[in-house]
Amino acid sequence: MKFFKSVIQTMKDTTWLNAKETRRDTTTVVVMSILFVVFFAVIDYLIQMALNLI
């Protein structure tokens, strides 16, 4: 029971993000993911081109 009381107290003490902060953080994650995909796609393409020349 002590564990569950501790969990409940921790949940009460936690500061949750509001909708604006959640939207901002989600947008940041999506944009960074897209940038990484583009970056690695370009690198992969360049490596393929270099290997085809050999």
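Trainee: Which residues form one aromatic cluster?

Mentor: Phe36, Phe39 and Phe40 form one aromatic cluster in this predicted model.

Trainee: How many aromatic pairs does the count come to, and how is a pair recognised?

Mentor: Rings are paired if their centres lie within 6.5 Å. By this rule the count comes to three aromatic pairs. One of them joins Phe36 and Phe40, whose ring centres are 6.3 Å apart with planes at 20°, so this pair is stacked, the planes being under 30 degrees apart. The rings of Phe39 and Phe40 have centres 5.2 Å apart and planes at 70°, so they are edge-to-face, a class for planes over 60 degrees apart.

Trainee: How many residues apart are Phe36 and Phe40 in helix H2?

Mentor: They are four residues apart, and therefore separated by about one helical turn.

Trainee: Which class of exposure applies to Phe36 and Phe39, and which to Ala19?

Mentor: Exposed means over 50% relative accessible area, and buried means under 20%. Phe36 has 46% relative accessibility and counts as partly exposed; Phe39, also with 46%, is partly exposed. Ala19, at 52%, counts as exposed.

Trainee: Where is Ala19 placed, and how far is Ala19 from Gln48 in space?

Mentor: Ala19 belongs to helix H2, which covers residues 19-53. Its C-alpha atom is 43 Å from that of Gln48, and the two are 29 residues apart in sequence.

Trainee: What does UniProt list for residues 29-51?

Mentor: The unreviewed UniProt entry lists these residues as "transmembrane region". In the model, residues 29-51 are 100% helix and 0% strand, with the end C-alpha atoms 33 Å apart.

Conventions: Residues are numbered from 1 along each chain as its sequence is written. This is a predicted model: local features need pLDDT of at least 70, side-chain atom pairs count only at pLDDT 80 or more; totals for chains, interfaces and linings use all residues. Side-chain values use heavy atoms; hydrogens and water are left out. Helices (H or I, at least four residues) and strands (E, at least two) are DSSP runs, numbered from the N terminus. Buried means under 20% relative accessible area, exposed over 50%, partly exposed in between (1.4 Å probe, protein chains only). UniProt positions are given in the numbering used here, feature names are shortened, and annotations may be inferred rather than shown by experiment. Rings of Phe, Tyr and Trp (its six-membered ring) pair if their centres lie within 6.5 Å; planes under 30 degrees apart count as stacked, over 60 as edge-to-face and the rest as tilted.
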